[in-house]
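Okay, thanks for coming, everyone. I'll keep this short and walk through a few pieces of the structure on the screen.

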Amino acid sequence: ISDQKPLGCWSLKHGQILTCPVVCNFETHEYIAVHDDKVLRIWKNEDINLDKAFKATLSADVYRIHSLPDGGPVVLFRGGGVRTLDVLLEAPQQEIENVISDEVIRWSGAFMEGQQPVLIFTTEKDGDFFVYVQKLKLSRLHKYKLEQQESSKPLCFTAHITNQTVTLLCLYSNDSVYQILIPLQQDTEEEEEEQILSKSLVLNFSVPGTVLKGTSLVVLDKDHVAVLGSLAVPGKEPRECLSIWNTKFQTLQTSKELPLGTSGQLWCYEEKFFLIHGKVLTVIMYKCETSSLAAAVGKLKDSQNLDVSSFVNWNTLEDEELVVSFQSQESVALKGESKMNLRSRRSTVAKVQPETLSVGQLLLKLKDASTYVLETELRQLMSKAPTPDLQATIGCVVTALTDRCKRNPKYYPQNFLLEIVETRDLSYSLCPDLMAVALEKKDMHLLQICLERFPDIPEEIIYACLKAFLSISEAHLQNIDVDLDSVICYVDVEFDNKEVKTEIVENGFSADMDQGMCGTKIPKETQSRSNGESCPVGLQKAALLNAVLHSAYTETFLLPHLKNLPAQQAILFLRYLYYLYVKCSEKVNTTLPGIRSPTINQIMDWMCLLLDAHFTVMVMLPEAKELLSNLHKFVRAQVRFYSELNKIEGSLRELQRLNHLRESQTYSIEVLEII
């Protein structure tokens, strides 16, 4: 998430719809999905085509799949039937009982009580709400009815299990949270009457002057809950916010307004919040400290001020996005992960002492400083930054420099930026404006270093760099300092019609040998190319293009951008890829010499990607026809060559076996007939 790189993408066929959230099987590391209510799909991360994944059609509609780290996946059907995934896969068409008649499931959750998986779900029928609890290893399903609440009804549920007791928390429409305790009963054969569960008030969000309308509720620990909802103030538009409440002392701990809006859903996993904020997934780290009366009273005193400002603003420094307060350890996710301390902040901490300025405050102070003072202070800041915050501090430093570049077009500290990127462990997400500024300044060397070092560059930026590298003239590149380590050992170039070859063929590969082996006549152009024809681009441009080949990308997201690449640039890039492909084929291990040289897999992946994006255009262009023809014939010749090798694989293995059996000191002449 911090690198913002999609690791996998799978699509259903047109007309198919995912009908419950996808989960991961922790035991087998597989994904489990249900589409069109009854069709179960199971696949692994390396699977590409979802349509070819394991498929099982079930006999009843699935409501939700729950995956427990130690208990395996559990399937809950819309009729209230429950099966473990293993039992279900033994007979996918087995009959599933309907235990809830006309009731509709509103919420479900799975938990572990010791070694026992427990499933809890709530249902609604004609305004009445019911709770079902089942231990999966036992066949008995316990049913309870919720005590009715006048003029209000449950909006959402959450639960946790402690000491054989289920604690069910319900967020009601009257802006209150109620707690319901359900003991985990032992399985008995006697029929039990339907019990009515009483509830007790835990929290009330109505404060004079403000009302919090909750839409989602999650439990953080035994004393804290998080609520996502809208804050209603008389005379003002409701504002969505995420708030943390202490259920033990019924006090607000902290809150954060979400001005871009949310989907109304909040998830919590391993001390991280996940929520949709605007158009991005926001991740906020939290840590619950032991609840104390002193902290609650301190926060209670703060909340005596009934104005909305009593809600703590986690972004205390809003002047610029680069500002990050390390003193409070807060920042916004996807710009840098957020951390919040749920313990009440004392007034003495809020007062910033001049001699202990936070990073954000120091950057604000240097906003209008001279270039010399700015760079001097930033160097000192990086040199004395505490270890846990060092990487984030350097990201703030780079952002401060790029921000000044955007405000002052004449300012561009190229050497300082190069020094930081080359000597520090940075990523794109820590300084998202750096490569955009480098593209604007046409700083090819900095772009090359970023492409080689950053693991999380968005596909849009990768494409922008590729287009910039292909469009810049060779003459201009002669005057630019570029790292040539990836090309100097194998690229052949021509200067004034004199060929300079810097590559040595290792295994005697030649077009003549390939032609004789495969019975395919290879054109003269291909023969000359495989015997060392010059590279279609200069050394500098080749080095820049190699940096692009090394960048991590996801094909689904890069392909739309590649389709916008001008046809002539696409042909030039394909010619260079073809050149590299031939060079790799001349090597006994298909590996190019040099530092950070592209691999055969990277070359072939980019060739396929480029052809997918521009195949129709290239077929229509006369200047691309010969290139495509040569590429096709060369690949076909290689396929036939490897096919011939496969035919004698058995004989070669037999020869290897005989060599092991032969006595080392015995001289002999053997004739092996290869059929």
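Let me start with what I mean by pairing: two strands count as paired if DSSP finds at least two bridges between them. And keep in mind that this is a predicted model.

So, with that in hand, look at strand β6, residues 72-77, which pairs with β7 in the antiparallel sense over three bridges. Within that pair, Leu76 stands opposite Val82 in β7. Zoom out a bit and you'll see an open sheet of three strands, in the order β5-β6-β7, with antiparallel pairing. At its edges are β5 (62-68) and β7 (82-84), and each of them pairs on one side only. On average, neighbouring strands here are turned by 20° against each other, direction ignored.

Now the other open sheet I want to show you. This one has four strands, ordered β1-β2-β3-β4, and the pairing is again antiparallel. Why is one side of β1 and of β4 left without a neighbour in the sheet? Well, β1 (18-25) and β4 (54-57) stand at the edges and have a single partner strand each, so there's nothing in the sheet on their other side. The average turn between neighbouring strands in this sheet is 15°, direction ignored. If you want a spot to click on, β3, residues 39-44, pairs with β4 over four antiparallel bridges, and Arg41 has Lys55 in β4 as its bridge partner.

Next, the hairpin. Strands β8 and β9 form it, with two residues between them, and Gly114 in the turn has a positive phi of about 70°. The two strands, β8 at 104-113 and β9 at 116-125, run antiparallel over nine bridges. One of the matched positions is Ala110, whose bridge partner in β9 is Leu119. And is β8 mostly covered or mostly open? Mostly covered: seven of its 10 residues are buried.

Over to helices. Helix α6 takes in residues 390-407, so 18 residues, and spans 26 Å from its first C-alpha to its last, close to the 26 Å expected at 1.5 Å a residue. Of those 18 residues, 13 are buried, so α6 is largely enclosed by the rest of the structure.

Last stop, the surface. Which residues form a nonpolar patch there? Phe615, Val619 and Met620, with about 350 Å² of accessible area together. Met620 sits in helix α17, residues 600-620. Its relative accessibility is 66%, and since the cut-off for exposed is over 50%, Met620 counts as exposed.

That's my tour, thanks.

Conventions:
Residues numbered from 1 in each chain as written. Predicted model: local features only at pLDDT ≥ 70, side-chain atom pairs only at ≥ 80, totals over all residues. Heavy atoms only, no water. Axes fitted to C-alpha atoms, helices over the stretch in contact; angles between N-to-C directions. Patch = residues over 30% accessible without salt bridge, like charges linked within 9 Å, V, L, I, M, F, W, Y side chains within 5 Å. Areas by Shrake-Rupley, 256 points an atom, 1.4 Å probe, with all protein chains shown as cover. Salt bridge = Lys/Arg side-chain N within 4 Å of Asp/Glu carboxyl O. Buried < 20%, exposed > 50% of the residue type's maximum accessible area, 1.4 Å probe, protein only.
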